[in-house]
Amino acid sequence: MSGGEPRSADAVVVVPGIMGSELVEAESGRVLWGLRDPGWYVSAWTSGRSLKDLAVTEDERAGRYERVRATRLLTFAAFAPVLGGFEPYRRLSRTMVADLFHPAAVLEFAYDWRLPVDHNAHLLANAAQRHLAAWRRHPACDETLRRRAVDGDVRLVLVAHSMGGLVTRKACADAGFAGLVRKVVTLGTPFFGAPKAVLMMGSGRGFPLPRARLRSLARALPGVYDLLPGYRCVRDGIGARRLTVPDVTSIGGDADLAAEAFSRRATIPDRRLPGHTQVVGAFQPTVQAVTIEAGQATGHRYTILPPDGGAGRTADLGGDGTVPRESAESPGPGAVPLAQSHGALAASEDAMVVVRDTLDGLRSGPWQGASELGLDAPDVIAAGRPFTVEITGAGRTGRASCSVFDAGTGLRVATPVPRPGGEALMGEVESLPPGLFWIQADGGGRSQVRRMVMSFDPAVGDPDGGGE
């Protein structure tokens, strides 16, 4: 143990989100996703060459998944346009070991996030059951039970981020597996989908080249189709309707992949997750609705409310910058809102408090020091050019600090001074060299709000490297 005595005798499984597992080519062992060098992401999203091997092949669409292996959880920061940056899962896993569980009780479940949620749910159920059986046989399990003077009812605890919550929900749709699960903690899971998945497929024209690279890749990944929104989010006149297969094909998506994803969603039973605690990112500028027109998807930072005598009403309910707040709240116990971006949510101190409290059987939040800070910045910027950062929710004092850190070295490279600008604070970053950078806003809460930007040289992109 790296901490004190384990507080639980259960077996825990950490389930990452989309793009949260390292992927390697099975035959050669070459890493396809999850490299340490931030420059790789800049090169990949501008040239497109390194992304081609991530596209799902015809063999893989037919169910032959041997070409790519998921080896471990993300251990270094990663980046994708539109979705932004992804923090590694080291802090979440270390919290499990240091504060709650014996190391042998913790399984990090890596999976190929390119593939359908149903496929990965089957793998999760099998891996979790093997892990539970192995932990029950482990001498430390009996020792923990004896020291805590509890009975031998050793079960599973599943802690899932983002898409990992969808994988977990599908695995728990099997009543036999769900009976082995004591608690589930989800962090920023898009239970009802995310309009940003539509933007991944249908935006790009007039945007920086990296978004066109993402569009080309997203259209070929079944896992992305499982993230498409299932609620009424498509602007239709003054009202809203649900996304359809023709909508998806009109923006260049694959009709078969869309139909299969919608069909899979329809088979999920309306059943609460066992012992569910749901953490949702909040207060961040978030796309909550879309307009689809002339083969292009446009996002809106508002939700279209159901008509109650006033059709066409909208409200900005926020979210974590990727998943709308309402989409991350499944029916059941109330959600715990945290001011944090999607990619940083699973590594934030606030989330660690909720996870520890939940697994200790305590009630989490609200607590002193919680904030409503929001942070907005472009996901992709041109190197050498200034850009603006916007901070909201700074409270009555209107005070907040802002810093920019190199994602590779962790060194601070800029400190823009936030100044009043209407209802928000605005800070200008003079310029950044090519690379990945964390923008961090601090309003005095427990956690700083973080989001990643990618700086690239527009002259470097190769128009034949995988875009359009």
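**The six-stranded sheet and glutamate 87**

Tutor: This is a predicted model, and it holds an open sheet of six strands, paired in parallel, in the order S7-S1-S8-S9-S12-S17.

Student: OK, which are the edge strands of that sheet?

Tutor: Look for strands that pair on one side only. In the order S7-S1-S8-S9-S12-S17, that picks out strand S7 (106-108) and strand S17 (336-339).

Student: By how many degrees are neighbouring strands turned against each other on average?

Tutor: Ignore direction and take the average over neighbouring strands of this sheet. The turn comes out at 15 degrees.

Student: What is the bridge partner of valine 13 in S8?

Tutor: Strand S1 covers residues 11-15, and it pairs in the parallel sense with strand S8 (residues 156-161) over five bridges. Across that pairing, the partner of valine 13 is leucine 158.

Student: Which helix lies across S8, S9, S12 and S17?

Tutor: Helix H6 (residues 163-172) lies across S1, S8 and S9, at about 145 degrees to S8. The one you want covers residues 349-359 and runs at about 165 degrees to S9. That's helix H14.

Student: Now glutamate 87: buried or exposed?

Tutor: Glutamate 87 sits in the loop between strand S6 (84-86) and helix H3 (90-100). Its relative accessibility is 14%. Buried means under 20%, so glutamate 87 counts as buried.

Student: Which residue's side chain makes a polar contact with the side chain of glutamate 87?

Tutor: Leaving aside neighbours within four places in sequence, the contacts of glutamate 87 include Leu74, Gly343, Trp438 and Arg450. The polar contact between side chains, at 2.8 Å, is with arginine 450.

Notes: Residues are numbered from 1 along each chain as its sequence is written. This is a predicted model: local features need pLDDT of at least 70, side-chain atom pairs count only at pLDDT 80 or more; totals for chains, interfaces and linings use all residues. Side-chain values use heavy atoms; hydrogens and water are left out. Two strands pair if DSSP finds at least two bridges between them. Helices (H or I, at least four residues) and strands (E, at least two) are DSSP runs, numbered from the N terminus. Axes are lines fitted to C-alpha atoms, for helices over the stretch in contact, and angles run from 0 to 180 degrees between N-to-C directions. Contact means heavy atoms within 4.5 Å. Buried means under 20% relative accessible area, exposed over 50%, partly exposed in between (1.4 Å probe, protein chains only). A polar contact is a pair of N or O atoms within 3.5 Å; within protein, one must be able to donate a hydrogen and the other to accept it, and residues adjacent in sequence count only if both atoms are side-chain atoms.
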